[in-house]
Amino acid sequence: MTTEQKIQQLREDLREHNHNYYVLDNATISDYDFDIKLKELEKLEEENPQFFDANSPTQRVGGEITKNFETLTHKNRMYSLDNSYSKEDLLDWEKRVQKNLGTEEIEYTCELKYDGASINLTFEKGKFVKAVTRGDGFQGDNVTTNIRTIKSIPLIPNGDFVSDFEMRGEIILPLDGFNKMNEERLANGEEAYRNPRNTASGSLKLQDSAEVAKRPLDCLLYQVVTEERKYKTHFESLENARKVGFKVPKTIALAKSIDEVFEFVSHWDEKRHDLPYETDGVVIKVNNLQQQEELGYTAKAPRWAIAYKFKAEQVSTVLNEITYQVGRTGAITPVANLEPVQLAGTIVKRASLHNADQIEKLDIRVNDTVFVEKGGEIIPKIIKVDLSKRSADSEATKYATNCPECDTELVRTEGDAKHYCPNEFGCAPQITGRIQHFISRKAMDIDGLGGETVDLLRKEGLIQNYADLYDLKVEQVIPLERMAEKSAENMVTGIEKSKEIPFEKVLFALGIRFVGETVAKKLAKHFKSIDNLMAADFDTLIAVDEIGDRIAQSIIEFSNDLGNIQLIDRLKIYGVQLEVSAESLENQTDKLQGKVFVVSGVFHQMSRNELKKAIEDNGGKVSSSISKKTTYIVAGDNMGPSKLTKAESLEIPIISEQDFIDMVN
Ligand code: AMP
Ligand code: ZN
């Protein structure tokens, strides 16, 4: 046997043992023998570096440090799921699906909704290449080095399967492992982690992959995404994924009708408490992949799937105090501080009270016994007050009149549910919050600078607003607590790099109230520069598609504020993009204004996403389902037959990829 063969042999052996142990839960070798083999392989690899392989079992112990996780764009968007809470919701969904597909007989797959952090694993030529978090669905963080340490993920799936694909799954912390971690923490005098889901998700962003390797993380897979049309159904693709080594839970089941779906749901609503990990519902998917493609997506979620949420658990506890939090826009959120109580596997100490109306509506008072429920959100909510336990001398809650941070008198404009602290430039959480928003990923995306550091820089008097960031010098930052030279340099470089961020994101970053991501895009496209936008009057603003009174008013307030005018002037001087770049203008036209496109099938000259972007860049709209409003269907290979019939019956012109390219050029 040559050395190379020996190395391959050991790798195969160890992979097999990993699979038996971590996926099948059936150890076939003692820990001791496993270690001996691993050591032997390590030694051979060290002596023969020419045979290095990132997917070798030796690479799974971690050790690599990641300071900043790189942002990567998903090849295929990671959607969320629509939720349902009752049988009626599910029946409505079934009706929609049946109507869209034009058939009553539909087969479904039922899966549990695993409660962790979503992950996208990319495999090329049958080998693991990268792992990216869901992020905002379009872009996520590259957490490959950390994910590699999770041993139930096969880095080289073994057997007949597709070769270029993405595996979608959930990174979870099984309850056993989570409890053990907490026991250790408590023994070391550290605070316990609050719940498995957040701990799993936090683990992905640890800098030291050796730390990640020590955590008992697991990965449950629920979707194969591939252009290879090897499997006809979702269920079949998952069963085959399991055969080649992926941990696809055995709980998945086929349902021939919605009644069988109900059976699955009621079975697991009860039995889920016996599972080794947390679930918060069931996910129901149309099984046939061709039908999935025909159904397509809404702006947020696939039409071919729906989540059914189990009813949340409730407990009662005492409300000790109401405190108030100030957000980045000055919005005040009342918070209930509760007597700590165990709820759905976690300890609950706080709940959001939303606003003054909510407190009044439920008549919530300090010292009341309240019912708390944990829905899908991390923050639990108060459902109602147990009036039978209220003492006779209890008094109605008086809502705060002044800001808890800066003592400025709060204001509440008509029609707004929230109170605000108007001290925009002098109230600490607003200053910090605005800068934190400015640097966040969807805004200026500044690497090397985190939320806590922003707060620290503000406390140290180094920054008062986002323009100040661009004046920061490495020497000023180094003396700060916990700041190494390298991190200081990374931070300043990150800030410098943000000067390349396109105008639409800068506009969002400015944090103008009611100007979210989508509105910022619209405004950038319409006005092309901050000067044009700030010069626009009310009528000009509301004439823009989808810009209403509230947004227009807020933009005008922003533009008339002297402080803001100065900030914008400074950003201009630093070289931040305050107008649409010539390059992006060049690619944008209004040629497709008012036209609605549906894209279907597989394309050759550009990817589906490039095609959609080209439509939008030229002023057109992309829709995922055919209706009377559709102007054209751009059809590639393998367009779904039901789409074709629908297009024909509505007499909508079908054009080819080439036709489309000719149309825009
Ligand atoms: P939501 O975050 O509520 O929109 O739900 C969507 C998320 O559910 C996905 O991003 C997945 O991470 C997660 N999920 C858990 N189990 C499943 C499953 N069996 N199928 C699809 N998604 C799942
Ligand atoms: Zn304030």
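This is a short tour of a predicted model, going from the shell around ligand 1 to serine 237.

**Stop 1: the ligand and its shell.** Select ligand 1, then add the residues around it: Ser80, Leu81, Glu111, Leu112, Lys113, Tyr114, Ser118, Arg134, Glu170, Tyr222, Val283 and Lys285. Try colouring them by class, and you'll get 5 nonpolar, 2 polar and 5 charged residues.

**Stop 2: the polar contacts.** Zoom in on glutamate 170, where an N or O atom of the side chain sits 2.4 Å from an oxygen atom of ligand 1. Now click on tyrosine 222: here the distance from a side-chain N or O atom to an oxygen of the ligand is 3.1 Å. For leucine 112, show the backbone, since one of its polar backbone atoms is 3.0 Å from a nitrogen atom of ligand 1. Switch on a surface if you like: on its own the ligand has 500 Å² of accessible area, and the protein covers 86% of that.

**Stop 3: the strands.** Which elements give two or more residues to this shell? Select strand E3 (108–114) and strand E10 (279–286) to see them. E3 brings the largest share, with 4 residues.

**Stop 4: serine 237.** Leave the ligand and select helix H8, residues 234–243, which holds serine 237. Is this serine buried or exposed? It's buried, because its relative accessible area is 4%, and the cut-off for buried is under 20%. Follow its side chain to the backbone oxygen of histidine 234, 2.7 Å away. Finally, show Phe161, Val224 and Tyr231: these are the contacts of serine 237 once you set aside neighbours within four places in sequence.

Conventions
Residues are numbered from 1 along each chain as its sequence is written. Chains are lettered from A and ligands numbered from 1 in the order in which they are written. This is a predicted model: local features need pLDDT of at least 70, side-chain atom pairs count only at pLDDT 80 or more; totals for chains, interfaces and linings use all residues. Side-chain values use heavy atoms; hydrogens and water are left out. A residue is near a molecule or strand if one of its heavy atoms lies within 4 Å of it. A polar contact is a pair of N or O atoms within 3.5 Å; within protein, one must be able to donate a hydrogen and the other to accept it, and residues adjacent in sequence count only if both atoms are side-chain atoms. Accessible areas come from the Shrake-Rupley method with a 1.4 Å probe; for residues, only the protein chains shown count as cover. Ala, Val, Leu, Ile, Met, Phe, Trp, Tyr, Cys and Pro count as nonpolar, Asp, Glu, Lys and Arg as charged, and the others, Gly among them, as polar. Buried means under 20% relative accessible area, exposed over 50%, partly exposed in between (1.4 Å probe, protein chains only). Contact means heavy atoms within 4.5 Å.
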